[in-house]
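Colleague: Could you give me a close look at one part of this model? Please take your time over it.

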Amino acid sequence: MARLVRFGVSIDSELIRKFDRYISERNYSNRSEALRDLIRNNLIRREWAETGEVAGGISIVYDHHRRELVNKLLDIQHDYHEVIISTQHVHLSHEHCLEIIIVKGASKKVQALTNKLRSLKGVMHCDIARATTAEKLK
Ligand code: NI
């Protein structure tokens, strides 16, 4: 782990009051850890906006009785096999399935995959948890 560096920050009283409320709502024990997370989150957001390598999880919920939809979901996932690490399928109910697709690869490909899955008729939910490979956060 890299050595710790201390630095001073000038901030107006109204903004630090809001920040302290934010920290308290999220159970941070101090401002430093909250600030580190904010910085990391912004760096991760940049990784996703740029053309770098990202990691994350796509969740989808759909009705598996729509056979055409199931075929399309599979075809799309095979088209993007190079960014899919694994998938987990859960039978939520008689009709509905939940799938978690773990992805790692070029941000553009991962986002294209997410958009294709989301746009299919019959997909009731499609969202992505944007994580990081952590390679650039070391
Ligand atoms: Ni199922």
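Modeller: Happily! Four strands (DSSP E runs of at least two residues, numbered from the N terminus) make an open, antiparallel sheet in the order β2-β3-β1-β4. Its edge strands, β2 and β4, each pair on one side only, where pairing takes at least two DSSP bridges. From one strand to the next the twist averages 15 degrees. This is a predicted model, so local features need pLDDT of at least 70 and side-chain atom pairs 80 or more, while totals for chains, interfaces and linings use all residues. Numbering starts from 1 along each chain as its sequence is written, and side-chain values use heavy atoms, without hydrogens and water.

Between β2 and β3 there are 7 bridges; Val-90 has Leu-98 in β3 as its bridge partner.

Across β1, β2, β3 and β4 lies helix α3, at about 170 degrees to β1 (angles run from 0 to 180 degrees between N-to-C directions of axes fitted to C-alpha atoms). The buried residues of α3 (under 20% relative accessible area, 1.4 Å probe, protein chains only) are Leu-69, Val-70, Leu-73, Ile-76 and Gln-77. They sit on the same side of α3, because their arc around the axis is only 130 degrees, taken from the directions to the C-beta atoms. Arg-67, Glu-68, Asp-75, His-78 and Asp-79 are exposed on the other side of α3, that is, over 50%.

The buried residues of α3 pack against β1, β2, β3, α4 and β4. Leu-73 also touches Ile-60 (heavy atoms within 4.5 Å). Other residues that Ile-60 touches include Cys-97, Leu-98, Ile-101, Leu-117 and Cys-126.

Conventions: Lists of a residue's contacts leave out its neighbours within four places in sequence.
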